[in-house]
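Open the model in your viewer and keep the selection tool at hand. The stops below say what to select and what is there.

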Amino acid sequence: MCKMNKKTLLLISTLFLTLACNAGASPQTETPPPASPTIATASIKISTPTETIPSQTPTSTPKPLGVFTLSVLVDTTSEPVTREQAQTLVNESSRILYGLTGFVFEMVDFQEINTGASTKDMVQSYLNTSPAIIPNGIILFSFGDNGDAKRYGGYAYTYLGPDGFRNPFIAPGAIQRDLYVGVIHFRHRYAQCGYGDSNTPISDVSIGGECRGQAQVACVGKYDYTICSDTVNHLYASTPTYFSSSTFVHEIMHPFGELLNKDHYGTAECTDMMQSGRSARRYKRDIFDRSLAEFQYYTGMCPYVFDNFVNSYKP
Ligand SMILES: [Zn+2]
C-alpha cells in the first residue's frame, strides 16, 4: 500500500535545478562543522577554491550504527544495469549515507525484471517470489511509471511488506510492515548541456533551459557526456555516478521526512523546521545562493530528515 501519492513525491532533478539557480556565483569562505559531531569526517575541497565542506568519506571507518538492507531490481525494459554497476552505486550511496547518518546500505539481492509492468507490480512480483531476505528497502532501476524517474531522476514511496515482516526502520507516517521503495534512473546526468530533447549533443552551448535556465553556457566534455562548464567542479559531478548515488540516498530518505515535497533543502518549511531546533546539523539557508555545496552534501534534502532516519531505527 502506497503511503505517498506520486504527485507528492519529490521531483529531485527539478528541485535541484530550481534550487541551484545562482548557486556558486560567489565564492564562499567558511569551514562548516561536520554534519554530525558523532561521525568522523575529513574535509575536501569542492565547488570553489575557497570553500570546504565535510566529506562523506571518513578517514577511518568506525563500525556503522546500523545497516539498511536493499534488494536491487532492474527493469530491463527501461535500460540494462549489471549487478556490478548496481553494486558500485550501492557502495557510493552507502558512503554518502554513512557520512550523513552513520548507517550503511547493503545490497542483499539483485534481480532483473522484464515484464514492463508498473513499478508497484514489479515490486509485488518480486515479493511474491518469497525472497530469502525481506529487505528494508527496494531500489528499482527504471525509467519509472510514465517515465517519471527518467524525467526527474527518481521518486519514492512506501510499500506494504509481506505478512509478518517487521522493518526496524519505521518512518513517520509509516507502519512497521512498510518497506521503502526508490525508483531511480540509473544514468541520470548532472547538468547535461547541449542536448535539448536529443540523446546526443546538438549544441555547443546550453539550450532549452539547461544549465539552470542560463542560455549560452559553454558545454564541455566530462565523463561520457557534455556538462555545463560552470558545474564541472560541483560535488554532484565529482564522479560519473555521484548524482545518481545522491538521488538514491535522497529517495530512500523521502519517507522519513514529514513535509513531503517540502522536505527539500532550502524550502521555507525546511528553514522553519531547522530554526525550530529539531536538528543540530549545519544549515545555511540564508546564504543559499552561495551554499550549493551544502545543498549537494545533503543530497538536496532538508537536514532534519537524516535525524528522523537515524531515530526511526528500532532494531
Ligand atoms: Zn525529493
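Begin at helix H8, residues 304–312. This is a predicted model. The buried residues of H8 pack against H2, H5 and H6. To see which residues these are, select Tyr304, Val305, Phe306 and Phe309, which are buried in H8. Keep Val305 marked, since this residue comes back at a later stop.

**Helix H6**

Now select H6, residues 268–275. Which of its residues are buried? They are Cys270, Met273 and Met274. Viewed down the axis of H6, these buried residues fall within an arc of 95 degrees, so they line one face of the helix. An α-helix has 3.6 residues a turn, so residues three or four places apart point the same way. Turn H6 round: on the face away from its buried side are the exposed residues Ala268 and Gln275. Helix H8 is part of what covers the buried residues of H6. Step just past the end of H6 to glycine 277, where phi is positive, at about 85 degrees.

**Two residues with positive phi**

Most residues other than glycine have a negative phi, and most peptide bonds are trans. Select leucine 260, in the loop between helix H5 (242–253) and H6. Its phi is near 50 degrees, a positive value in a residue other than glycine. Is leucine 260 buried or partly exposed? Leucine 260 has 17 other C-beta atoms within 10 Å, so it counts as partly exposed.

Next select alanine 191, in the loop between strand S7 (178–184) and strand S8 (219–222). The phi of alanine 191 is also positive, near 55 degrees. Alanine 191 counts as buried because it has 27 C-beta neighbours inside 10 Å, and 20 or more are required for that label.

**Strands S6 and S7**

Stay with S7 and add strand S6, residues 154–160. S6 and S7 run antiparallel and are joined by seven bridges. For one place along this pairing, select tyrosine 155, which stands opposite valine 183 in S7. Five of the seven residues of S6 are buried, so this strand is largely enclosed by the rest of the structure.

**Strands S3 and S4, with helix H2**

Select strand S3 (residues 66–75) and strand S4 (residues 103–113), which run parallel with 10 bridges between them. Serine 71 stands opposite aspartate 109 in S4. Add helix H2, residues 83–101: together, S3, H2 and S4 make a right-handed β-α-β unit.

**The nonpolar core**

In soluble globular proteins, nonpolar side chains tend to be buried together. Here the largest nonpolar core has 67 residues, and those with the most contacts inside it are Ile138, Ile139, Leu140, Val181, Met253 and Val305. The core takes at least three residues from each of domain 1 (6–190 + 240–312) and domain 2 (191–233). Val305 is the residue marked in H8 at the start.

Select leucine 140 and look for its partners beyond four places in sequence. What is leucine 140 in contact with there? The partners are Leu73, Asp75, Thr119, Met122, Val123, Val181 and Val183. Valine 183 was also the residue opposite tyrosine 155.

**The whole chain**

Finally, show everything again. The protein chain has eight helices and nine strands, and 45% of its 315 residues count as buried. Among contacts with a separation of 6 or more, 68% join residues 24 or more positions apart.

Methods. Residues are numbered from 1 along each chain as its sequence is written. This is a predicted model: local features need pLDDT of at least 70, side-chain atom pairs count only at pLDDT 80 or more; totals for chains, interfaces and linings use all residues. Two strands pair if DSSP finds at least two bridges between them. Helices (H or I, at least four residues) and strands (E, at least two) are DSSP runs, numbered from the N terminus. A crossover is right-handed if, with the strands pointing away from the viewer, the path from the first strand over the helix to the second runs clockwise. A nonpolar core is a set of buried Ala, Val, Leu, Ile, Met, Phe, Trp, Tyr and Cys residues joined through C-beta atoms within 7 Å. A residue is buried if 20 or more other C-beta atoms lie within 10 Å of its own, exposed if 12 or fewer, and partly exposed in between; C-beta atoms are placed from the backbone. Domain bounds come from an automatic or database domain assignment. Two residues are in contact if their C-beta atoms, placed from the backbone, lie within 7 Å. The arc is that of the directions from the helix axis to the C-beta atoms.
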